[in-house]
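Student: Could you take me through a close look at a single part of this model, and then set that part in the context of the whole chain? I would like one connected account rather than a list.

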Amino acid sequence: MKYFIIFNIIWLLTSCATITNDPNVPISLTFSDGSEGTCQISNKRFAQTIEIPSTTMVRRSDDALKYDCKTEDGRESFGAIPSTMGGKIVASAVFLDFGIVDAITDKHREYPANFVLPVKQKKD
């Protein structure tokens, strides 16, 4: 019985603690003036062309989500949406893997659920 308890304690202390987040996160994109258009969005793990306004699934990554957009009337908007660390990485780091597995997969990173893309006002 003593060995069983010792084995279980060692097993619990050396187990991996990885985050079970989905590799993709939804993000809703709109232009600041409400117009429609298209965007090319990308990070180091993902690239896609999407219609604006829309909600799309984006692959989590530790780098910013870059966007290069054009409205229907030709106005352009470009920039990057920063990713942030989620709170679950702290729980993962408490265990002996120190969040290494999650740092490799980027499943601890998050993008904002909604983002407004700035675009210059239409000239009359």
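**A close look at F4 and its setting**

Tutor: F4 is exposed, with a relative accessible area of 52%, and since the cut-off for calling a residue exposed is over 50%, that value is what places F4 in this class. The model is a predicted one, and the values that follow are to be read in that light. F4 lies in helix α1, which covers residues 2–13, and on the surface F4 joins M1, I5 and I9 in a nonpolar patch whose members together have about 470 Å² of accessible area. For the protein chain as a whole, the exposed area is about 8,000 Å², of which carbon and sulfur atoms supply 62%.

From this helix the view can be widened to the rest of the fold. The protein chain has 3 helices and 9 strands, and along the sequence these elements follow the pattern α-β-β-β-β-β-β-β-α-α-β-β. Of the 124 residues in the protein chain, 33% are buried. Among contacts with a separation of 6 or more, 64% are accounted for by residues 24 or more positions apart.

One aromatic pair offers a specific case of parts that are separated in sequence. A search of the whole structure finds 1 aromatic pair, formed by Y67 and F115, which is tilted, with 6.2 Å centre to centre and 55° between the planes. Y67 lies in strand β5 (residues 65–71) and F115 lies in strand β9 (residues 114–117), so the pair ties together parts that are 48 residues apart in sequence. The two partners fall into separate accessibility classes: Y67 is buried, at a relative accessible area of 7%, whereas F115 counts as partly exposed, at 22%. The cut-off matters for this reading, because buried means under 20% relative accessible area.

Y67 also leads on to another strand. Leaving aside neighbours within four places in sequence, G79 is in contact with L65, K66 and Y67, and G79 itself has its place in strand β6, which covers residues 76–81. Between G79 and K66 there are 5.8 Å in space, C-alpha to C-alpha, although the two residues are 13 residues apart in sequence. G79 counts as partly exposed, with a relative accessibility of 28%. Taken together, Y67 is thus a residue that pairs with F115 and is also in contact with G79.

Definitions and conventions: Residues are numbered from 1 along each chain as its sequence is written. This is a predicted model: local features need pLDDT of at least 70, side-chain atom pairs count only at pLDDT 80 or more; totals for chains, interfaces and linings use all residues. Side-chain values use heavy atoms; hydrogens and water are left out. Patches are made of residues with over 30% relative accessible area and no salt bridge: like charges are joined within 9 Å, nonpolar side chains (Val, Leu, Ile, Met, Phe, Trp, Tyr) within 5 Å. Accessible areas come from the Shrake-Rupley method with a 1.4 Å probe; for residues, only the protein chains shown count as cover. A salt bridge is a side-chain nitrogen of Lys or Arg within 4 Å of a carboxyl oxygen of Asp or Glu. Helices (H or I, at least four residues) and strands (E, at least two) are DSSP runs, numbered from the N terminus. Buried means under 20% relative accessible area, exposed over 50%, partly exposed in between (1.4 Å probe, protein chains only). Contact means heavy atoms within 4.5 Å. Rings of Phe, Tyr and Trp (its six-membered ring) pair if their centres lie within 6.5 Å; planes under 30 degrees apart count as stacked, over 60 as edge-to-face and the rest as tilted.
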